[in-house]
Amino acid sequence: MPELPEVQAIADFVDGRAAGLPIRRVDIASLAVLKTADPPYSALAGRVVVGVTRIGKYLVISTDPADGPPVDGTVDVIHLVIHLSRAGWLRWSSNLSPTPPRPGGKGPIALRVHCGLPGEGFDVTEAGTQKRLAVWIVRDTMEVERIATLGPDVLALTRDEFAEVLKGTSARIKTVLTDQRTISGIGNAYSDEILHTARLSPFASAKALSDEQVDLLFVSMHGVLTDATVRLEGQEVATMKGEKRSGLRVHARTGMPCPVCGDTVREVSFTDRSFQYCPTCQTGGKILADRRMSKLLK
C-alpha cells in the first residue's frame with residue numbers, strides 16, 4: 001500500500017508535470033471507484049490543475065476554472081481526491097490512447113485523466129481482485145468523510161503532542177501507528193520499519209511506554225519517513241515501488257537475516273495482512289504468536 005513517502009513523491013511528481021496544464025478529458029473505466037456524483041467527473045474537463053498535494057495517504061489534485069479564479073473573490077476550486085488503497089498506483093504517460101478504456105473491462109485502469117497536450121496525462125490503476133481504490137470529486141476536501149475523520153499528520157506532530165496521543169490509549173503500538181483516525185500517514189510497511197528502528201515490540205502497549213521509549217519512537221518515526229521521502233525525490237513513478245522495497249529492513253523480509261543483528265526476521269499473520277519484526281532487536285528474543293499458523297496447527 002502506498003504510504004506517506006510514496007503518496008508525497010507521487011504528488012510532487014504529478015505536480016511538477018501537471019500544474020498549470022488544462023484537463024482535456026476524464027475517463028472512468030470503473031464506476032465503482034467513484035464515490036461522489038456532484039460535481040460530476042465531467043466537470044473537471046476544461047479546468048486547469050493548480051496544484052497536487054497530499055493529505056495523509058490521500059492524493060489531492062486541485063483545479064481552477066480555465067479563465068482563473070472568479071474576480072469577485074469567490075472560490076471555485078474542484079478537487080480530484082484519490083486513495084490508492086492497497087494495490088492502486090498512478091502511471092504518467094506522454095502516449096495515452098485517445099480511445100477511452102472500456103468500462104467494466106478486466107484491465108487494471110480505473111481512471112484516466114487527459115492533461116496537457118494530446119497523449120499526455122495519467123492512468124490510475126489497481127491490481128488484483130480486491131477493488132478498494134476510491135476517487136472523490138469535491139469542492140471541499142472535508143466533504144470526504146475519511147479525510148474529515150483523519151488524525152493529525154504524523155510529520156506535523158510535535159514530540160509532546162505525540163506523547164499525548166500515546167497516553168490516551170492502551171492499544172498496541174502497531175495499531176496506534178496505523179490507525180488513520182489517530183495518526184495519519186503511516187501504514188503497515190513503515191510502521192514495521194519504525195518499530196524495528198525504535199527497538200519496540202509491535203505488541204507493546206502505547207500507554208505503557210517510558211519517556212525514553214517515546215523519545216526514541218518519535219525520532220525513529222520522523223527519521224524513517226523523512227529518509228524514505230528523500231530517497232524517492234526525483235524518482236519516476238514507475239521506479240518508486242522498487243526504491244521503497246530496497247530501503248526496507250524488516251517489512252516483507254520474513255525468513256531473511258535482520259540487517260542489524262543477523263537474527264531471522266519473523267512474521268505475524270492475520271486473515272488478510274501480516275507484519276514483520278526482529279525478535280532480537282524488538283522482543284528480547286521472544287517469538288510472537290502467529291495467529292494464522294496457530295489455527296492451522298490446532
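This report covers confidence, nonpolar cores, pockets, helix α5 and one loop residue in a predicted model.

## Model confidence

The average pLDDT is 92. At least 70 is reached by 97% of the residues. Residues 293–298 fall below 50. Beyond near neighbours in sequence, that stretch makes zero contacts in the model.

## Nonpolar cores

The largest nonpolar core holds 35 residues. Leu80, Ile82 and Leu111 have the most contacts inside it. Helix α1, residues 4–18, gives the most to this core, with seven residues. Another core lies apart from it and has 27 residues, including Leu157, Ile183, Val214 and Leu217. In soluble globular proteins, nonpolar side chains tend to be buried together.

Ile82 shows what surrounds one of the most connected members of the largest core. Neighbours within four places in sequence are set aside here. Ile82 then contacts Lys57, Tyr58, Leu59 and Ile61. Leu111, Val124, Ala134 and Val135 are also in contact with Ile82.

## Pockets

Rolling a probe the size of a water molecule over the atoms shows where empty space is left. The largest pocket has a volume of about 1200 Å³. Its lining comprises 43 residues. Met1, Lys57, Arg86, Gly187 and Asn188 lie nearest the centre of this pocket. Lys57 is also a contact of Ile82. By class, the lining of the largest pocket divides into 14 nonpolar, 14 polar and 15 charged residues. Several elements each supply at least two lining residues: β5 (88–93), α4, α5, α7 (240–246) and β10 (274–277).

The second largest pocket has a volume of about 200 Å³. It is lined by 14 residues. Those nearest its centre are Ser30, Gly105, Gly107, Pro108 and Ile109. Six residues of this lining are nonpolar, four are polar and four are charged.

## Helix α5

Helix α5 is mostly covered, with eight of its ten residues buried. The buried residues are Ala189, Tyr190, Ser191, Asp192, Glu193, Ile194, Leu195 and His196. Their cover includes α1, α4, α6 (211–232), α7, β10 and α8 (279–282). An α-helix has 3.6 residues a turn, so residues three or four places apart point the same way. Just after α5, Arg199 takes a positive phi of about 60 degrees.

His196 sits in α5. Is His196 buried or exposed? His196 counts as buried because its relative accessibility is 2%, below the 20% cut-off. Leaving aside neighbours within four places in sequence, His196 touches Arg249, Val250, Cys258 and Val260. Cys278, Cys281 and Gln282 are further contacts of His196.

## Thr182 and the α4–α5 loop

Thr182 lies in the loop between α4 (173–178) and α5 (188–197). Why does Thr182 count as partly exposed? Thr182 has 23% relative accessibility, and the partly exposed class runs between the buried limit of 20% and the exposed limit of 50%. The contacts of Thr182 are Gly151, Pro152, Val165 and Val176, not counting residues up to four places away in sequence.

Along the chain, Thr182 and Arg199 are 17 residues apart. Their C-alpha atoms are separated by 22 Å. Thr182 belongs to the loop before α5, and Arg199 comes just after α5.

Note on methods: Residues numbered from 1 in each chain as written. Predicted model: local features only at pLDDT ≥ 70, side-chain atom pairs only at ≥ 80, totals over all residues. Heavy atoms only, no water. Helix = DSSP H or I, 4+ residues; strand = E, 2+ residues; numbered from the N terminus. Buried < 20%, exposed > 50% of the residue type's maximum accessible area, 1.4 Å probe, protein only. Contact = heavy atoms within 4.5 Å. Core = buried A, V, L, I, M, F, W, Y, C linked by side-chain atoms within 4.5 Å. pLDDT = per-residue confidence, 0-100. 1 Å grid on protein atoms, 1.4 Å probe; cavity = no way out; pocket = protein on both sides within 12 Å on 5 of 7 lines; lining within 4 Å. Points joined across faces, edges and corners; volume = space filled by probe spheres on them. Nonpolar A, V, L, I, M, F, W, Y, C, P; charged D, E, K, R; others polar.
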